[in-house]
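Could you look over the ligand sites in this model with me? My notes are below, point by point.

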Amino acid sequence: MSEGKLIVITGPSGVGKGTLVRSLLQKYPDLYFSISATTRSPREGEIHGKDYFFLSIEEFKQKIEGGEFLEWAQYASNYYGTPRQNIETQINQGKTVILEIEVIGANLIKESFPSALRIFILPPSLEELEKRLKERNTDTEAVIIKRLNRAKEELMFRDQFDVKIVNDDLEIAFELLEKAIFK
Ligand code: ADP
Ligand code: 5GP
């Protein structure tokens, strides 16, 4: 059986990564979505083991020390990481694996997984990004400010990625994403 692919989707918070990935998984149920671990508290409706593995800081640090993450990063005062084991199993079984992670972790993947296809989703503007974060209504004003400040740094890494897609019109962005993954 041939090896599967690793697809890394990144970009600033609020750009629409989750929205695009949900559509992908709906249309292509054979894709394997990697569930990350985080020390962030669950948002309303989020389920442990489906949206994230919600861990304490101690649990997260133990997993770092145990080498259990393919990559991990600190983001807006919390830790986020990609569990290594499932990914390797799925790829060995020929599956296409999707990671939806922030920019530093996504950039590091090229060292641990050089064949990964790394896709950067861009907002049409910072104003639109702010509007989306506010209208999503999941974060406090203080957290939104942290995420926007981080977004400005993250956007500077855009040229280090294999594919860049502007998520202005959602349908067009989705088509470009499909083309990048299944070309
Ligand atoms: P991320 O996962 O990157 O943090 P989300 O997928 O949660 O971003 O999207 C943030 C908000 O922007 C959501 O409310 C979503 O419905 C909205 N959104 C996503 N894509 C678009 C788009 N192309 N145009 C307008 N709003 C969008
Ligand atoms: P949120 O708190 O909005 O769910 O996620 C914050 C940021 O962390 C998003 O950009 C999201 O893509 C990213 N993220 C989620 N899981 C991981 C992960 O496993 N590793 C890294 N590096 N970032 C992640």
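1. The largest share of the shell around ligand 1 comes from α1, which supplies three residues. Helices (H or I, at least four residues) and strands (E, at least two) are DSSP runs, numbered from the N terminus. Bear in mind that this is a predicted model, where local features need pLDDT of at least 70 and side-chain atom pairs count only at pLDDT 80 or more, while totals for chains, interfaces and linings use all residues. On bookkeeping, residues are numbered from 1 along each chain as its sequence is written, chains are lettered from A and ligands numbered from 1 in the order in which they are written, and side-chain values use heavy atoms, with hydrogens and water left out.

2. Who else is around ligand 1? The shell has 13 residues, and the closest are G14, G18, T19, R136 and N167 (a residue is in if one of its heavy atoms lies within 4 Å). By class, that shell splits into three nonpolar, six polar and four charged residues. Here Ala, Val, Leu, Ile, Met, Phe, Trp, Tyr, Cys and Pro are nonpolar, Asp, Glu, Lys and Arg are charged, and the others, Gly among them, are polar.

3. Now the polar contacts of ligand 1 (pairs of N or O atoms within 3.5 Å). Oxygen atoms of the ligand pair with a backbone N or O atom of G16 at 3.0 Å and with a backbone N or O atom of K17 at 2.9 Å. The side chain of T19 also takes part, with an N or O atom 2.5 Å from a ligand oxygen. Ligand 1 has 560 Å² of accessible area on its own, and the protein covers 74% of it (Shrake-Rupley, 1.4 Å probe).

4. The space that ligand 1 takes is the largest pocket, and ligand 2 sits in the largest pocket too. Sitting there means that more than half of a molecule's atoms lie within 2 Å of the pocket's grid points. A pocket is an open set of points on a 1 Å grid over the protein atoms alone, where a 1.4 Å probe fits, with protein on both sides within 12 Å along at least five of seven lines; lining residues have an atom within 4 Å of a point.

5. How much space lies in the largest pocket? About 1000 Å³. Its lining has 37 residues, and G18, R22, R43, Y52 and E100 are the closest to its centre. α1 gives the most to this lining, six residues. By class, the lining counts 11 nonpolar, 11 polar and 15 charged residues.

6. Ligand 2 has 16 residues around it, with S36, R40, Y52, Y80 and R147 the closest. A polar side-chain atom of E71 lies 2.7 Å from a ligand nitrogen. Two ligand oxygen pairings are at 3.0 Å: one to a backbone N or O atom of G81, the other to a side-chain N or O atom of E100. Alone, ligand 2 exposes 510 Å², and the protein buries 96% of that. The elements that give two or more residues to its shell are β5 and β6. Five nonpolar, four polar and seven charged residues make up the shell.

7. Last, the second largest pocket, with about 210 Å³ of space. Its lining includes A37, F53, K63 and Q85, and helix α3 (residues 84-92) gives the most, three residues. Five of the lining residues are nonpolar, two polar and three charged.

How values were computed
Polar contact = N/O pair within 3.5 Å; in protein donor to acceptor, adjacent residues only side chain to side chain. Points joined across faces, edges and corners; volume = space filled by probe spheres on them.
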